[in-house]
Amino acid sequence: MQVDIGQFFAEHDIVPMLVDRAPDAFAKVVYRGKKLVDAGKELSPAEVREEPKVEWYADPTALYTLIMTDPDSPSRMEPWNREFAHWLVGNVPGRHVQNGDTLFEYIPVFPRSGVGFHRYIFLVFRQQSWNDYSQAPRASSKNRTPRIRFCTRDFARHYSLGSPVAGNFFIAQYDDYVPVILSRYPASDDY
């Protein structure tokens, strides 16, 4: 069965919440152990604890920006921290994410207990040219602060990214691995 990405992103409230238009194609996102992000299927926090490999049809001479975000922070019913950016890499040459300018290092997902599923969305934007991200916030994998209340739409507008060319997402809910993830960070209710 072929999934229409535009209809799919609209049905899951990604369009128009995060972006005005759905991506043109699905990005291939693979976590360790060959765990594939498959158009909204569930993955556990333990399965997605390490940075994935992301692929899309890319012009090898073009630059791209990759964003992974959670619009459901702290819960889908009360997303007062919308969005939480888990990963942000700009100036990606072709589809070589490892060679891009990492603004936010990858941070695993950690949905709160008792709030249900969160959506974790990958969006790839084709840049018009090299972007100067020197004034953009940076975050190591140990820092949550600049990730809270990130806005994909504003970021894309500021850097003239246009509409995404590829995307995908999975859902996850609290499991016993979340406390392990959270033990790496200072105590906070701000997620």
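Two rings of Phe, Tyr or Trp are called an aromatic pair here if their centres lie within 6.5 Å. Keep that in mind for the views below, which all show a predicted model.

**View 1. Aromatic pairs across the fold, starting with Phe8 and Phe169.**
Searching the whole structure turns up 16 aromatic pairs. In one of them, the ring centres of Phe8 and Phe169 are 5.3 Å apart and the planes meet at 35°, so this pair counts as tilted. The two partners come from distant parts of the chain: Phe8 belongs to helix H1 (residues 5-11) and Phe169 to strand S9, 161 residues apart. Look at how each ring is placed: Phe8 is buried, with a relative accessible area of 8%, and Phe169 is buried too, at 1% relative accessibility.

**View 2. Tyr31 meets Phe170 edge-to-face.**
Here the ring centres of Tyr31 and Phe170 lie 6.0 Å apart, with 85° between the planes, which makes the pair edge-to-face. Tyr31 sits in strand S2 (residues 28-31) and Phe170 in strand S9, so the pair ties together parts of the chain that are 139 residues apart in sequence. Both Tyr31 and Phe170 are buried. Now widen the view a little: ring pairs link Tyr31 and Phe170 with Trp87, Tyr106, Tyr120 and Phe122 into a cluster.

**View 3. An open sheet of six strands.**
Follow the strands across the sheet and you will meet them in the order S1-S9-S8-S5-S6-S7, with mixed pairing. At the edges are strand S1 (25-26) and strand S7 (101-104), each of which pairs on one side only. Strand S8 (residues 118-126) and strand S9 (residues 164-172) run antiparallel and are joined by eight bridges. One place to spot this pairing is Ile121, whose bridge partner in S9 is Phe169. Phe169 is also the residue whose ring pairs with Phe8 in the first view.

**View 4. Strand S6 and its two neighbours.**
Strand S5 (residues 63-70) pairs with S6 in the antiparallel sense, over seven bridges. Look for Asp70, which stands opposite Phe84 in S6. S6 also pairs with S7 in the antiparallel sense, this time over three bridges; there, the bridge partner of Gly90 is Asp101 in S7. Of the ten residues of strand S6 (residues 84-93), nine are buried, so the strand is largely enclosed by the rest of the structure.

**View 5. The largest nonpolar core, with Phe9 and Phe155.**
This core has 27 residues, and Phe9 and Phe155 are the ones with the most contacts inside it. Two or more residues come from each of H1, S6, S7, S8, helix H2 (152-158) and S9. Take Phe9 as your starting point: leaving aside neighbours within four places in sequence, Phe9 is in contact with Ile14, Val15, Ala22, Pro23, Ile121, Leu123, Gly167 and Asn168. A second, separate core has 25 residues, among them Ala62, Tyr64, Leu66 and Tyr106. Tyr106 is also one of the residues in the ring cluster of the second view.

**View 6. Two places with charged side chains, at Arg49 and Lys34.**
The charged end of Arg49 sits over the ring of Tyr177, 5.6 Å from the ring centre. Lys34 is found in the loop between S2 and strand S3 (35-36). With a relative accessibility of 75%, Lys34 counts as exposed. In sequence, Lys34 and Lys53 are 19 residues apart; in space, their C-alpha atoms are 9.9 Å apart.

**View 7. Stepping back to the whole protein.**
The protein has three helices and nine strands, and from the N terminus on its elements run α-β-β-β-β-β-β-β-β-α-β-α. Its radius of gyration is 15 Å, close to the 16 Å that the globule rule gives for 191 residues, so the protein is as compact as a globular protein of that length. Taken along the principal axes, the C-alpha atoms fill a box of roughly 45 × 45 × 30 Å. Buried residues make up 49% of the 191 residues. Among contacts with a separation of 6 or more, 75% are between residues 24 or more positions apart.

Conventions:
Residues numbered from 1 in each chain as written. Predicted model: local features only at pLDDT ≥ 70, side-chain atom pairs only at ≥ 80, totals over all residues. Heavy atoms only, no water. Pairing = 2+ DSSP bridges. Helix = DSSP H or I, 4+ residues; strand = E, 2+ residues; numbered from the N terminus. Buried < 20%, exposed > 50% of the residue type's maximum accessible area, 1.4 Å probe, protein only. Phe/Tyr/Trp six-rings, centres within 6.5 Å; stacked < 30°, edge-to-face > 60°. Lys NZ or Arg CZ within 6 Å of the ring centre and 35° of its normal. Core = buried A, V, L, I, M, F, W, Y, C linked by side-chain atoms within 4.5 Å. Contact = heavy atoms within 4.5 Å. Rg over C-alpha atoms; globule rule 2.2 N^0.38 Å.
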